[in-house]
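Dear colleague,

I am passing on the structure we spoke about, together with some notes on what came out of looking through it. Please have it open while you read on.

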Amino acid sequence: MELQGTVKKLFDAQTFASGFQKREMVILTQEQYPQPINIEFLSDKISLLDNIKEGENVKVGINIRGREWTSPQGETKYFNSITGWRVEKVMDNGSEPTQASPSQSASPVSNENPFAGDEDDDLPF
């Protein structure tokens, strides 16, 4: 799936006690009723945001993730997250988009879905 819009906000990378890292970006969609969409970049994908600036137009490859949680009282709740795995800058003049790449990249950026091999998800799709 892809989202396209203008970068409204870039947040600093967060590192948690477990070593897990994430960085968030908010894009404002370009439609009749623009929507601010928060997108998380996880682990090695946070470097994709190194060359992105607020105000730029981008196209983002995303995955929508869902989680189920049961409270101690037995109430089940559901949470969704939007995870980015590719970012392309989109030029305003109609020219082709350019692939944003990490500033210290030793290998080419992959368009491969990083979650394709996840076995820990019990969702039927």
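The charged end of K9 sits over the ring of F11, at 5.5 Å from the ring centre, and a second arrangement of this kind places R86 over the face of W85, where the distance to the ring centre is 5.1 Å. Please keep in mind throughout that this is a predicted model, and that the distances quoted here are computed from it. As for rings facing other rings, the count comes to 1 aromatic pair.

The part I would look at next is the hairpin formed by β3 and β4, which has 6 residues between the two strands. Strand β3 covers residues 21–29 and pairs with β4 in the antiparallel sense over 7 bridges, and within this pairing L28 stands opposite P36 of β4. Strand β4 itself, residues 36–42, is mostly covered, since 5 of its 7 residues are buried.

T29 belongs to strand β3, and its surroundings are worth going through one by one. Is T29 buried or exposed? With a relative accessible area of 10%, T29 falls under the 20% limit and therefore counts as buried. Its side chain makes a polar contact with the side chain of E31 at 2.8 Å, and the side chain of T29 also reaches the backbone nitrogen of Q35, again at 2.8 Å. Leaving aside neighbours within four places in sequence, T29 is in contact with Q4, G5, P34, Q35 and I37.

Turning to the interior, the largest nonpolar core has 15 residues, and those with the most contacts inside it are M25, I39, F41, I52, V60 and V87. To this core β1 (2–10), β3, β4 and β5 (57–70) each supply at least two residues. For I39, once neighbours within four places in sequence are left aside, the residues in contact include L3, M25, I27, V60, I62 and I82, and also R23 and E24.

Finally, there is a backbone detail in the loop between β4 and β5, where S43 is found. Most residues other than glycine have a negative phi, whereas S43, although it is not a glycine, has a positive phi of about 50°. S43 has a relative accessibility of 37%, which lies between the limits of 20% and 50%, and so it counts as partly exposed.

With best regards

Technical notes: Residues are numbered from 1 along each chain as its sequence is written. This is a predicted model: local features need pLDDT of at least 70, side-chain atom pairs count only at pLDDT 80 or more; totals for chains, interfaces and linings use all residues. Side-chain values use heavy atoms; hydrogens and water are left out. Buried means under 20% relative accessible area, exposed over 50%, partly exposed in between (1.4 Å probe, protein chains only). Helices (H or I, at least four residues) and strands (E, at least two) are DSSP runs, numbered from the N terminus. Two strands pair if DSSP finds at least two bridges between them. A polar contact is a pair of N or O atoms within 3.5 Å; within protein, one must be able to donate a hydrogen and the other to accept it, and residues adjacent in sequence count only if both atoms are side-chain atoms. Contact means heavy atoms within 4.5 Å. A nonpolar core is a set of buried Ala, Val, Leu, Ile, Met, Phe, Trp, Tyr and Cys residues joined through side-chain atoms within 4.5 Å. Rings of Phe, Tyr and Trp (its six-membered ring) pair if their centres lie within 6.5 Å; planes under 30 degrees apart count as stacked, over 60 as edge-to-face and the rest as tilted. A charge sits over a ring if NZ of Lys or CZ of Arg is within 6 Å of the ring centre and within 35 degrees of the ring normal.
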